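This report introduces a structure to a reader who has not met it before. It treats the nonpolar cores, the aromatic rings and one charged residue in turn.

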Amino acid sequence: MDLLLSVPIFSYFAGPMLGSWSGSLNLLFFYMTWTTLVLSHPPLRIELVGTVAVRIVFWLIPSLFFLLFDTLVPSLAESIKIYGSASLPRRDARFLLQQLFLALLNLAISTTIQAGISIGAGTLLHRPLFKTSTTLPLPWQIVKQILMLYTAREVLSYYVHRYVLHARSGRVAELHRNFAHARKNAAPYSLMLYTDHPLPLLLNRTLPVYLPAMVIQPHLLTYFLFTILTTLEETLSMSGYSIVPGIIMGGIARRNATHYASRGRGNFGAWGLLDWVNGTSVGKDVVDDIHDEAEKHQVKERSQRAASNTGNMVQEGIDGLKRARRSRKKNSDAW
């Protein structure tokens with residue numbers, strides 16, 4: 001919790017709910033920092049620099065760390081990779097440097113496209129696309145808009161992924177297959193999040209996040225939080241690890257790994273809800289994840305209940321021995 005509160009936007013979101021001095025001080029510090037930033041820099045610069053910073057901190061740095069781990073200790077990484085050794089990246093420095101260059105190029109292209117859209121929208125609206133003011137959004141507004149953004153992103157991701165990127169024919173689908181799905185029977189690794197061809201990558205990663213934000217036009221802080229959450233989700237889901245925690249993230253990572261291993265036979269949505277509705281799930285679907293998690297909790301509850309009953313029986317046995325000992329002592333004293 002302290003780690004989350006040290007990040008300003010998390011301290012803003014959680015501070016009022018925690019009601020502690022730590023949360024209040026973090027909130028005050030964040031407000032002063034944000035106000036200084038807004039008053040000293042143009043909105044477009046804050047948006048673009050902030051977006052790139054989010055990508056670097058929550059995707060690039062973790063993906064490079066995962067890549068080093070997978071290549072330096074493959075025997076250990078293999079044991080926690082979905083599909084085992086087949087999911088390890090190639091131990092070829094030249095190939096990996098080429099992938100890193102492509103990923104950074106795609107990040108630059110995505111940022112440039114975002115800048116062009118923001119400038120064009122700002123010109124038409126005669127104001128910044130996102131609300132960039134010293135007035136902070138209320139937590140309930142953030143929650144409502146984040147839910148709206150996630151819903152729109154899920155719909156866009158599913159239908160673009162299914163009918164454009166994995167169409168039976170078409171140049172975009174061919175590019176996506178050749179770049180993103182070049183490996184067979186293997187889960188991806190996090191650097192591959194940005195190693196697709198630039199065109200399908202824009203359709204698959206950039207537009208489903210940015211277009212809903214253009215329509216809703218939330219506060220820039222809300223957009224940053226949404227970008228942080230989606231970037232973290234994509235980084236973990238692309239990691240290919242079988243130890244990604246949580247009922248939600250663990251299921252997303254496994255379905256994404258199956259999507260790549262099957263070369264796009266199904267699992268087109270980010271969260272799996274539309275795959276379940278449309279019957280395009282491959283392997284376990286989101287409902288199976290919920291059932292599995294419920295069974296885990298039932299097993300835990302039964303284990304805890306059995307342990308508690310065993311503990312009670314042991315305690316009763318000890319108490320019985322003590323009572324018997326006291327009774328014998330009393331009888332001996334009486335004699």
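## Nonpolar cores

In this predicted model, the largest nonpolar core holds 21 residues, of which Trp34, Phe130, Ile146, Leu220, Tyr223 and Phe226 touch the most other members. Two or more residues of this core come from each of the helices α3 (21-40), α7 (139-165), α9 (198-216) and α10 (220-237). The most are given by α10, with 6 residues. In soluble globular proteins, nonpolar side chains tend to be buried together.

Leaving aside residues up to four places away in sequence, Phe226 touches Ile146, Leu149, Tyr150, Arg153 and Val209. Another core, of 15 residues, lies apart from the largest one; among its members are Leu67, Ala103, Met192 and Tyr260.

## Aromatic pairs

The structure contains 14 aromatic pairs. In one of them, the ring centres of Tyr158 and Tyr159 are 5.0 Å apart and the planes stand at 90 degrees, over the 60 required, so the pair is edge-to-face. Tyr158 is buried, because its relative accessibility is 0%, whereas Tyr159 is partly exposed, with a relative accessible area of 37%.

An aromatic cluster is formed by Phe65, Phe66, Phe69 and Tyr241.

## A buried glutamate

Glu47 belongs to helix α4 (residues 43-72). Glu47 is buried but has no salt bridge. The nearest side chain of opposite charge is that of Arg55, 9.7 Å away. The side chain of Glu47 does make a polar contact of 3.1 Å with the side chain of Tyr210.

Not counting residues up to four places away in sequence, Glu47 touches Gln114, Ser118, Phe130, Tyr210, Leu220 and Phe224. Of these, Phe130 and Leu220 also appear among the core residues that touch the most other members.

Terms used. Residues numbered from 1 in each chain as written. Predicted model: local features only at pLDDT ≥ 70, side-chain atom pairs only at ≥ 80, totals over all residues. Heavy atoms only, no water. Helix = DSSP H or I, 4+ residues; strand = E, 2+ residues; numbered from the N terminus. Buried < 20%, exposed > 50% of the residue type's maximum accessible area, 1.4 Å probe, protein only. Lys, Arg positive; Asp, Glu negative; His and termini not counted. Salt bridge = Lys/Arg side-chain N within 4 Å of Asp/Glu carboxyl O. Polar contact = N/O pair within 3.5 Å; in protein donor to acceptor, adjacent residues only side chain to side chain. Contact = heavy atoms within 4.5 Å. Core = buried A, V, L, I, M, F, W, Y, C linked by side-chain atoms within 4.5 Å. Phe/Tyr/Trp six-rings, centres within 6.5 Å; stacked < 30°, edge-to-face > 60°.
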